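Good morning, and thank you for making time on the agenda. I should like to take you through one structure, moving from the contact between chains to individual elements and residues.

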Amino acid sequence: MFWQLVVSGLATGCIYALVALGLTLIYKATEHVNFAQGEMAMVGAFLGYTLYTDLHLPVSMAVAGAVVLSGVVGLVIQFVVIRPAADQPHFNVFIITMGLSIVLRSLAGLVWSHDEFPFPGLFPVRPVTFGPVVVTPLNLGTIAVAVGIMAGLFAFFRYTRHGVAMRAVCERPEAAQLMGVEVRRVFAAVWVLSAAVSGLAGALIAPVLNLSTHMGAVVIPAFAAAILGGWGSFPGAIAGGMALGVIENLAGGYLAGQIKNMVPFLVVLGVLVVRPQGFLGEKEIRKV
Amino acid sequence: MRRAMGWLGVLAAGILGLAPLAGAETGVTDDTILVGTSQSFSGPLVFPGTEEVAGMEAYLEYVNANGGIHGRKIKWKWYDDGYKPQNAVANMKRLVEQDKVFAVLINQGTSPVLAVVPYLEQKKVPLFFPFQGSSRLHGKKYVFTSYTYYDTQTQIVTRWLLEKKGFERIGIIYQDDAYGKFFLGTLKKELEAKGLTVAAAESVKRGATDVSPQVAKMAAAGLDACLLALVPGPGAQVLKEAAKIGWKKTKLISSGPLTDEKFLILSGGVGEGVWGLSLWPDPVNSPLPAMKEYRDILKKYRPGHEPNRYNLYGYFYTKLFCDGLEAAGRNLTRDGLIAAMESMGRRENGIINPASFGPDDHQAQDDGFMVEVQGGRFVPISGWLAVRNGKLVETPLQR
């Protein structure tokens, strides 16, 4: 049972990791906390669903389309509601994104209704047995795609000009601007990238959770994952997401009813007390 | 818009001197009856809520198009409570004190419903057929309830499994809230009465992402049967997970509210062989004439809505309410309607067993039947089952 729980925990954890990655992207670049990240994932999944059912695209194309359209949604959001408020205190922007999450959920309800829908999996669900572990290609595919995306993002930040520019803006926007980086354009690009990654997360988790307007709640474990791994750290978001998924499942498998729901958050709490910067976060030292 | 027009109509009637005659009942004029409700048009129960209302409106429009009841058209006013008890109470006050409705019809959700009942009882405004299954509304003069209480449903299923199927090791996966615990509590009591215990129990929290730990534990418990006291999304996840790990030795059994077509659609075809307790005939496929009539009326007046158990509920219980209005006669009062309902007797409805009310019995349905998923549909595998005088009784289904 142990390995069984670990593998399916990793699959869920990858989703948390992707959403946490989206959160971290925006936070690193703009220091904004985007509470609507989960709803962006939900809207992305619905867009993919529409491509699949109304335009009859194959699943892979529909998911790819969902990623692209999510990016567009991210761009629109950044342009319409975030940019005008960019100079305001971060807390105001946080409240704006909170409002945004409610608006997105209600809009999705108007367009697609608040019903639940079965979402086609990118991978088949026929189980495969590896020794004591039964997994579905859906589980494995989710892990593979998520890991692939994470590796791609890593390479992007490391080796491409745009990636380096983004990192520069994340580190110190003023200095980056002085070096000739278009900071506003980078901010927009960050939102596009973050929304696209979340849209992918939405399309990957929808076959498991079923597609509904409630799906945005995934932002809560994603927050926990990002904090667990170290708020503001990319590898931390990924490690935190995976760890949270596995912890959740093991607690569910080995602990009694009421306790298991608390465990993931107790772990987060514990980590914050013992190591406030998370697994992989850097200690913030301010010189006075 | 239609709602607003309805209200304008009532207003216009007042201005034109058709105001209620002295002594007439609140909410009743010469040619209208005003009913109202507070429903979920947002929040977690928005889908059941909007569907129930679609069924209600379809039937009311059908009645109005056919001349109304004793010459009166039925007008309505609905408000949204988003499944929040405090909003439900505010809406009820608005309906009773400002809009002056005659009666309240089909609100939804255990907590919002329980929150408004004391107020309605105090104001002596009758409440008809709230969509909820807790037995705490039993024995209230101004409340008529609809379907089999959750505890009775669990009694029926447990006794059927023990007595008819000879099962002994029974477990449950339940939603970790008041709804799920209703089922868990009764299952415990029922099994203890027979000297048995709940063999395994696992909870699923609302909005859970992965049910694999729960399913793995239940599969390891060596059960004869496992009840599912869940809502369709997580219920379907349990079926998928069970199929994935090849958990076949245990019969999975859906509770009444879960026995719903949505549950099967979401599970994507892995539900074959699952049992469940059903309170209704199959809304989509049932060949009963009264069910065909329901589908026709729904299609004509609410064409965007596919037949399902929620709009069937709205339709059926609105119809039962209208039967009561019919029986109460032209001289309509709240107490008169209650008295008429109580003395209506057993009246065939062609869909479920006849509802009959009395001064001590305001519950419309107290039974259900077992179904098995065959070819993606719920097919009956028992007659109507009820627990009467402490015994499980079975009567044939309508054909």
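What we have here is a predicted model. I begin with the contact between the two chains, to which chain A gives 24 residues and chain B gives 24 residues. On the side of chain A that touches chain B, the elements giving two or more residues are α1 (2-30) and α10 (234-254) of chain A. The largest share of that side comes from α1(A), with four residues. By residue class, the side of chain A that touches chain B divides into eight nonpolar, 14 polar and two charged residues.

A word on confidence in chain A. Its average pLDDT is 87, and 97% of the residues score at least 70. Among the elements of chain A, α2(A) has the highest mean pLDDT, 95, while the lowest, 70, belongs to helix α11, residues 257-260.

Let me turn to the nonpolar cores. The largest has 94 residues, and those with the most contacts inside it are A:A17, A:L18, A:V19 and A:A45. Helix α8 of chain A, residues 183-209, supplies the largest share of this core, 18 residues. Which residues does A:A17 touch, if we leave out those up to four places away in sequence? They are A:A146, A:A225, A:A237, A:I238, A:G241 and A:M242. Apart from this core lies another, of 62 residues, and its members include B:Y59, B:V63, B:Y142 and B:M291. As background, nonpolar side chains in soluble globular proteins tend to be buried together.

One of the contacts just listed for A:A17 is A:A225, and A:A225 is among the buried residues of α9(A). Helix α9 of chain A spans residues 219-229 and is mostly covered, with 10 of its 11 residues buried. Those buried residues are A:V219, A:P221, A:A222, A:F223, A:A224, A:A225, A:A226, A:I227, A:L228 and A:G229. What covers them includes α1, α2 (37-53), α10 and α12 (263-274) of chain A. Just after α9(A), A:G230 takes a positive phi of about 120 degrees.

For comparison, consider a helix in chain B, namely α5, residues 150-164. At 1.5 Å a residue, its 15 residues should span 21 Å, and the end C-alpha atoms are 21 Å apart, so the expected and modelled values agree. Is this helix enclosed or open to its surroundings? Because 11 of its 15 residues are buried, α5(B) is largely enclosed by the rest of the structure. The buried set includes B:Y150, B:W160, B:L161 and B:L162, together with B:Q153 and B:Q155. Just after α5(B), B:G166 takes a positive phi of about 65 degrees.

That brings me to backbone torsions at residues that are not glycine. Most residues other than glycine have a negative phi. A:H56 has a positive phi of about 55 degrees although it is not a glycine. A:H56 sits in the loop between α2 and α3 (59-82) of chain A. With 9 C-beta neighbours inside 10 Å, and a limit of 12 or fewer for the exposed class, A:H56 counts as exposed. B:I106 also lacks the glycine explanation: it is not a glycine, yet has a positive phi of about 50 degrees. B:I106 lies in the loop between β3 (103-105) and α4 (110-123) of chain B. Here there are 25 C-beta neighbours inside 10 Å, so B:I106 counts as buried.

I close with strands of chain B. Strand β11, residues 367-374, runs antiparallel to β13, residues 384-388, and two bridges join them. The bridge partner of B:D367 in β13(B) is B:A386. On to the next pair: five bridges join β13(B) to β14(B), residues 391-395, again antiparallel. In β14(B), B:K391 is the bridge partner of B:R388. β13(B) and β14(B) form a hairpin with two residues between them, and B:N389 in the turn has a positive phi of about 50 degrees.

Within strand β11 of chain B lies B:V373. With 23 C-beta neighbours inside 10 Å, B:V373 counts as buried. Its C-alpha atom is separated by 8.5 Å from that of B:L264, although the two are 109 residues apart along the chain. Not counting residues up to four places away in sequence, B:V373 touches B:L264, B:G271, B:E272, B:G273, B:V274 and B:F378.

Terms used: Residues numbered from 1 in each chain as written. Chains lettered and ligands numbered in written order. Predicted model: local features only at pLDDT ≥ 70, side-chain atom pairs only at ≥ 80, totals over all residues. Contact = placed C-beta atoms within 7 Å. Nonpolar A, V, L, I, M, F, W, Y, C, P; charged D, E, K, R; others polar. Buried ≥ 20, exposed ≤ 12 C-beta atoms within 10 Å, placed from the backbone. Pairing = 2+ DSSP bridges. pLDDT = per-residue confidence, 0-100. Expected span 1.5 Å × (residues − 1). Core = buried A, V, L, I, M, F, W, Y, C linked by C-beta atoms within 7 Å.
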